[in-house]
Amino acid sequence: MFSRRDKHRGEESSSSRGHLSSRRRRHSSSGSNNNNNDSTNDNTRPDRSPCIEMDSGSSSSRKRRRSTSTSASPEDRDRQEKRKISHGIKQIHDVFAESECKKIEEEIDEIVNKSKKGLYKKQTVDRAPLRSKYFFGEGYTYGAQLARRGPGQERLYPKGHVDEIPSWVTELVIKRLEDKKIIPKDFVNSAVINDYLPGGCIVSHIDPIHIFDRPIVSISFMSDSALSFGCKFSFRPIRVSKPILALPLSKGCVTLLSGYAADEVTHCIRPQDVTARRSVIILRRVFPDAPRLEEWEVNKLPQATHYKPKNNGYRSSTRRDGRRESPEGSSRDGGRRRSKRRRSSSTSSSSSSVSSSDERKRGSRQGQRSSHRRHLKSHSDR
């Protein structure tokens with residue numbers, strides 16, 4: 001599972017068996033790295049390998065492959081896709097006990113409280129509506145932070161721009177996975193905590209293949225959810241297409257993604273799959289020669305618009321079950337007082353809107369009369 005580079009070197013030597021999509025990705029990645037004047041040897045990693053020359057019979061084989069793929073029914077293609085995705089997924093359910101999950105969830109709450117107090121570095125915290133991300137060890141640019149959009153444009157921040165991995169993540173999570181032989185020792189150098197409120201989501205994406213090694217390890221906490229593969233998002237309002245595969249994520253479950261599931265198909269968290277507050281710890285290994293921004297480049301990055309939650313009569317803090325608490329309490333008297341205020345404000349606003357509309361009508365009539373007089377006067381002067 002972890003000899004990903006050796007595996008790809010074997011694939012390069014047998015070009016006739018290689019997938020066409022992986023050739024294109026390697027070719028595009030090598031081109032983008034050459035443009036960035038990367039001095040790393042192209043043969044050291046699969047996504048930086050040169051494009052493989054194809055023999056004269058490759059076009060006919062491509063046609064045969066295309067004809068067989070088009071002849072297959074949509075149901076057969078979906079089954080093949082699900083099979084390829086499933087081969088790259090591994091889940092382990094008996095790693096963390098309930099008491100251990102509760103202790104880790106308390107530490108996540110402490111992370112959230114510290115971020116509200118502004119105790120972390122700027123690039124450590126990234127907030128969006130109903131979702132917050134906390135980067136530790138390594139952080140990278142993505143989405144609206146990119147100067148140039150598209151896969152392969154992501155870059156690591158300079159060293160020291162995000163906070164170090166908290167000691168409790170190392171002691172309670174990473175060491176447990178190392179002791180269970182799920183990951184090798186000293187594999188992890190990047191940890192991300194995603195904190196979702198009900199209805200939160202993360203759009204379809206592939207973890208940057210030129211930055212992160214495989215497997216991608218994630219552990220779910222606080223509530224159950226699902227990881228969806230192959231979805232398409234549309235916005236205003238947000239809509240998500242039916243996934244090719246929906247993978248259940250139970251509380252305390254460890255999920256590992258590699259191969260086709262990590263590199264060839266997108267994954268996401270859909271809003272309808274987050275029904276209560278949920279947190280996930282993502283553990284990854286950053287390549288030592290992954291592209292990194294210089295200090296002067298950080299200042300030239302587009303400024304991402306950080307989401308600032310509005311109170312709207314509620315406290316910004318949320319309970320663990322995801323529900324918000326009203327500062328005025330939940331008494332019936334308080335509810336009646338608020339409803340009376342709303343009714344009085346609505347009646348006053350409606351009366352003011354009626355009076356303003358009457359004034360506009362009067363003004364328009366007066367304007368029409370004056371323009372008519374000017375028109376008649378101009379004709380009389382002639």
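# A walk through a predicted structure

The side chain of Glu154 reaches the backbone nitrogen of Gly152 at 3.1 Å, and this contact is a good place to enter the structure, which is a predicted model. Glu154 is found in the loop that runs between strand β3 (131–136) and helix α6 (167–179). Although Glu154 is buried, no salt bridge is formed by this residue, and the nearest side chain of opposite charge, that of Arg155, is 5.9 Å away. That distance does not meet the rule for a salt bridge, because the nitrogen and the carboxyl oxygen must lie within 4 Å.

From this unpaired charge we can turn to charges that do find partners. Side chains of opposite charge can pair when their charged atoms come close. In this model the count comes to 15 salt bridges. One of them is formed by Arg277 and Asp109, whose closest N and O atoms are 2.8 Å apart. The pair links distant parts of the chain, since Arg277 belongs to the loop between β12 (267–269) and β13 (278–284) while Asp109 belongs to helix α5, 168 residues apart. Both Arg277 and Asp109 are buried.

Arg277 also forms a salt bridge with Asp195, and here the closest N and O atoms are 3.0 Å apart. Asp195 lies in strand β4 (residues 190–196) and Arg277 in the loop between β12 and β13, so this pair ties together parts that are 82 residues apart in sequence. Asp195 is buried, as is Arg277. Elsewhere, salt bridges that share partners join Glu98, Glu105 and Lys251 into one network.

What separates Lys175 and Glu171 along helix α6? These two residues are four residues apart in the helix, which means that about one helical turn lies between them. Lys175 and Glu171 form a salt bridge in which the closest N and O atoms are 3.4 Å apart. Lys175 is partly exposed, with a relative accessible area of 38%, and Glu171 also counts as partly exposed, at 47% relative accessibility.

The aromatic side chains give another way of reading the fold. A pair of aromatic rings is described by the distance of the centres and the angle of the planes. A search of the whole structure finds seven aromatic pairs. In one of these, the rings of Phe96 and Phe221 have their centres 6.1 Å apart and their planes at 65 degrees, so the pair is edge-to-face. This pair links distant parts of the chain, with Phe96 in the loop between β1 (89–92) and α5 (98–116) and Phe221 in strand β6 (residues 216–221), 125 residues apart. Phe96 counts as buried at 9% relative accessibility, and Phe221 counts as buried at 0%.

The rings of Tyr120 and Phe136 have centres 5.7 Å apart and planes at 75 degrees, so this pair too is edge-to-face. Tyr120 sits in the loop between α5 and β2 (125–128) and Phe136 in strand β3, and the pair links these distant parts of the chain, 16 residues apart. Both Tyr120 and Phe136 are buried. In addition, Phe135, Tyr140, Tyr142 and Phe212 form one aromatic cluster.

The backbone deserves a careful look as well. Most residues other than glycine have a negative phi, and most peptide bonds are trans. The peptide bond from Arg214 to Pro215, however, is cis, with omega near 10 degrees, and Pro215 is placed in the loop between β5 and β6. Another cis peptide bond joins Arg236 and Pro237, where omega is about -5 degrees, and Pro237 lies in the loop between β8 (233–234) and β9 (239–240).

Which residues have a positive phi? Leu130 has a phi near 70 degrees and is placed in the loop between β2 and β3, while Met222 has a phi near 75 degrees and is placed in the loop between β6 and β7 (225–229). Leu130 is partly exposed, with a relative accessible area of 32%, whereas Met222 is buried, with a relative accessible area of 12%.

The walk ends at the surface, where Val203, Phe235 and Ile238 make a nonpolar patch of about 270 Å². Val203, which has its place in strand β5 (residues 202–205), counts as partly exposed because its relative accessibility is 38%.

Methods
Residues are numbered from 1 along each chain as its sequence is written. This is a predicted model: local features need pLDDT of at least 70, side-chain atom pairs count only at pLDDT 80 or more; totals for chains, interfaces and linings use all residues. Side-chain values use heavy atoms; hydrogens and water are left out. Buried means under 20% relative accessible area, exposed over 50%, partly exposed in between (1.4 Å probe, protein chains only). Lys and Arg count as positive and Asp and Glu as negative; His and the chain ends are not counted. A polar contact is a pair of N or O atoms within 3.5 Å; within protein, one must be able to donate a hydrogen and the other to accept it, and residues adjacent in sequence count only if both atoms are side-chain atoms. Patches are made of residues with over 30% relative accessible area and no salt bridge: like charges are joined within 9 Å, nonpolar side chains (Val, Leu, Ile, Met, Phe, Trp, Tyr) within 5 Å. Accessible areas come from the Shrake-Rupley method with a 1.4 Å probe; for residues, only the protein chains shown count as cover. Rings of Phe, Tyr and Trp (its six-membered ring) pair if their centres lie within 6.5 Å; planes under 30 degrees apart count as stacked, over 60 as edge-to-face and the rest as tilted.
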